[in-house]
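Biologist: Hi, I'm new to this one. Can you walk me through it?

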Amino acid sequence: MQLHFSPSMRSITISSSNNNGGFGELMKIKLAPRHFNYRRLFHTILLLAFLLPFVFILTALVTLEGVNKCSSFDCLGRRLGPKLLGRTDDSKQRLVKNFVKILNQVNSEELPSVMKLPESYAHLVSEMKNNKYSAKEFALMLKGMMERSEREIRESKFAELMNKHFAASAVPKGIHCLSLRLTDEYSSNAHARRQLPSPELLPLLSENLLHHFVLSTDNILAASVVVNSAVQSSLRPEKTVFHVITDKKTYAGMHSWFALNPVSPAIVEVRGIHQFDWLTRENIPVLEAVEGHYGIRKYYHGNHVTGANLSDTTTPRSFASKLQARSPKYISLLNHIRIYLPELFPNLHKVVFLDDDVVIQRDLSPLWSIDLKGKVNGAVETCKGEDEWVMSKRFRNYFNFSHPLIAKNLNPDECAWAYGMNIFDLHTWRKTNIRDTYHSWLKENLKSKLTMWKLGTLPPALIAFKGHVHPIDPSWHMLGLGYQNKSNIDKVKKAAVIHYNGQSKPWLELGFEHLRPYWTKYVDYSNDFIKNCHILE
């Protein structure tokens with residue numbers, strides 16, 4: 001690179017060497033023809049001395065890139081300016097724009113039936129090397145591969161949901177073993193058949209000064225955890241009475257467990273549905289119709305996958321909801337039994353009803369002191385939380401508001417509440433028509449072929465208890481531990497009752513491992529029946 005002053009000192013030329021060994025003009029600066037100023041020249045030379053190293057570096061970069069035909073600063077600017085400013089040249093921009101245009105064109109086109117798609121990205125690269133595809137052919141191939149991937153991901157997601165549904169509906173081998181062994185024990189061991197509770201304690205079953213819990217289940221292991229956790233968490237366990245209701249097939253095993261594993265000083269009563277004189281066909285005609293109706297049995301016991309109507313527009317979440325709604329437990333009398341509590345326990349004034357997938361972590365005796373303001377049902381509302389799965393539920397989440405009866409009688413924005421831990425005022429309940437309302441709406445839904453609602457026993461209860469619910473503090477009952485593995489652990493530890501509602505029950509392999517210990521701490525692994533059945537091993 002050279003700096004050349006003209007003889008008249010009116011111009012300065014900057015030149016750089018070229019490939020031919022000569023010099024090419026790089027920059028030429030003309031000075032004013034008049035009033036020559038040496039001070040200005042001195043400042044100009046200083047400025048040039050500062051700029052020249054940068055010009056040299058830019059020239060070197062261009063040369064290294066093979067672009068050595070620039071003979072002016074303007075050329076260098078066009079070449080290097082976009083790079084320095086983070087932009088590409090016009091040709092690259094045009095290339096991208098053209099390719100985007102082609103992508104938009106093929107987006108609305110169908111893939112040719114004869115097109116063979118590469119199996120992998122490596123295969124695609126190989127195809128591009130070996131064949132001269134046009135940009136449109138490449139775009140179509142790319143579209144086909146992406147659509148195939150989306151299809152495979154979707155199918156895998158639905159397969160996962162189906163497998164999870166069937167796993168959640170099945171009875172684990174260990175729990176089935178426990179029921180069989182305890183049933184056998186009932187037939188061979190007189191101690192397993194002893195009266196529960198003992199005769200001298202029978203009057204306490206209707207003593208309203210005690211705290212009465214009702215638990216309806218056919219799961220012996222789950223029942224043991226509910227009872228153990230309640231008794232161990234109670235400040236006055238001697239005031240605790242449990243009324244365990246089960247079905248006929250489980251009764252012997254359930255009775256054996258609590259006869260062989262007493263929870264003194266608490267009292268436990270075990271009764272089968274068949275032992276309640278009030279539960280006759282005359283008193284529960286609608287539920288008898290539900291269980292015996294061919295269409296209903298086909299809905300709940302038929303092919304769940306076909307019945308869920310899987311289509312291209314079905315989302316994974318809606319598919320999961322449809323599968324869950326078809327669980328056979330929803331037509332079980334055990335699941336509906338809570339609506340008959342005033343009749344089943346005619347001498348009791350207040351009871352706490354518990355689901356079998358809960359754990360009690362705090363003394364619940366203060367529940368009996370809550371003023372329900374003349375209401376029947378003390379429950380936690382489920383419309384005031386951020387969690388969309390559990391604590392953001394309103395009537396619109398449970399009912400089909402396109403049905404005229406639903407639209408006419410219900411408000412989609414009305415807040416829902418939770419089953420699982422409820423304090424019921426049976427004395428007030430007996431003065432209402434809650435049971436008849438429940439039966440009436442079940443009958444209407446049956447007539448409508450289940451088009452008013454699909455899911456379980458909560459929707460008819462939401463209608464039947466309308467105007468009879470008193471909200472209680474959410475800390476009494478934390479839900480969702482069977483739905484989401486991101487439950488707030490601090491809230492879990494502080495909650496009086498934690499509820500594993502959802503598919504991921506703690507006694508199933510698909511239960512969430514970090515939430516399981518809050519349940520398993522109440523399982524007696526030293527028990528011979530538990531050990532021999534290899535529960536949760």
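Biologist: What area does the protein chain expose, and what share do carbon and sulfur atoms supply?

Modeller: The protein chain exposes about 29,500 Å², and carbon and sulfur atoms supply 54% of that. Accessible areas here come from the Shrake-Rupley method with a 1.4 Å probe, and for residues only the protein chains shown count as cover. Keep in mind that this is a predicted model, where local features need pLDDT of at least 70, side-chain atom pairs count only at pLDDT 80 or more, and totals for chains, interfaces and linings use all residues. Residues are numbered from 1 along each chain as its sequence is written, and side-chain values use heavy atoms, with hydrogens and water left out.

Biologist: How many helices and strands are there?

Modeller: The protein chain has 21 helices and 12 strands. They are DSSP runs numbered from the N terminus: helices are H or I with at least four residues, strands are E with at least two.

Biologist: And what percentage of the residues is buried?

Modeller: Of the 537 residues in the protein chain, 45% are buried. Buried means under 20% relative accessible area, exposed means over 50%, and partly exposed is in between (1.4 Å probe, protein chains only).

Biologist: What share of the contacts joins residues at least 24 apart?

Modeller: That's 71%, among contacts between residues at least 6 apart in sequence. A contact means heavy atoms within 4.5 Å.

Biologist: Let's switch to charges. How many salt bridges does the structure hold?

Modeller: It holds 16 salt bridges. Each one is a side-chain nitrogen of Lys or Arg within 4 Å of a carboxyl oxygen of Asp or Glu. One of them pairs Asp 218 with Lys 249, at 3.8 Å from N to O. Asp 218 sits in the loop between strand 4 (211–216) and helix 7 (220–233), and Lys 249 is in helix 8 (residues 248–260), so this bridge ties together parts 31 residues apart in sequence.

Biologist: Are those two buried or exposed?

Modeller: Asp 218 is partly exposed at 40% relative accessibility, while Lys 249 is exposed at 61%. Asp 218 and Lys 249 also belong to a network of salt bridges with Asp 247.

Biologist: Which residue does Glu 269 bridge to?

Modeller: Glu 269 forms a salt bridge with Arg 271, with 3.8 Å between the closest N and O atoms. Glu 269 is buried, at 9% relative accessible area, and Arg 271 is partly exposed at 23%.

Biologist: Back to helix 8. How many residues does it have, and how far does it reach?

Modeller: Helix 8 has 13 residues and reaches 19 Å from its first C-alpha to its last, close to the 18 Å expected at 1.5 Å a residue. The expected span is 1.5 Å times one less than the number of residues. In helix 8, 10 of the 13 residues are buried, so it is largely enclosed by the rest of the structure. Among the buried ones are Tyr 251, Met 254, Trp 257 and Phe 258.

Biologist: What do those buried residues pack against?

Modeller: The buried residues of helix 8 pack against helix 6, helix 7, strand 5 (240–246), strand 6 and helix 21 (528–532).

Biologist: Now Asp 363. Where is it?

Modeller: Asp 363 is in the loop between strand 8 (358–360) and strand 9 (377–379). Asp 363 is buried yet has no salt bridge, and the nearest side chain of opposite charge, Arg 362, is 8.0 Å away. For that, Lys and Arg count as positive and Asp and Glu as negative, with His and the chain ends not counted.

Biologist: What does its side chain reach, then?

Modeller: The side chain of Asp 363 reaches the backbone nitrogen of Leu 235 at 3.3 Å. Not counting residues up to four places away in sequence, Asp 363 touches Ser 233, Ser 234, Leu 235 and Trp 476.

Biologist: Which residues does a cis peptide bond join?

Modeller: One joins Leu 196 and Pro 197, with omega about -15°. Another joins Ser 264 and Pro 265, with omega about 10°. Pro 197 lies in the loop between helix 6 (173–188) and strand 4, and Pro 265 in the loop between helix 8 and strand 6 (267–272).

Biologist: Last one: what is the phi of Lys 373?

Modeller: Lys 373 has a positive phi of about 55° although it is not a glycine. Lys 373 lies in the loop between strand 8 and strand 9 and is exposed at 60% relative accessibility.

How values were computed: Polar contact = N/O pair within 3.5 Å; in protein donor to acceptor, adjacent residues only side chain to side chain.
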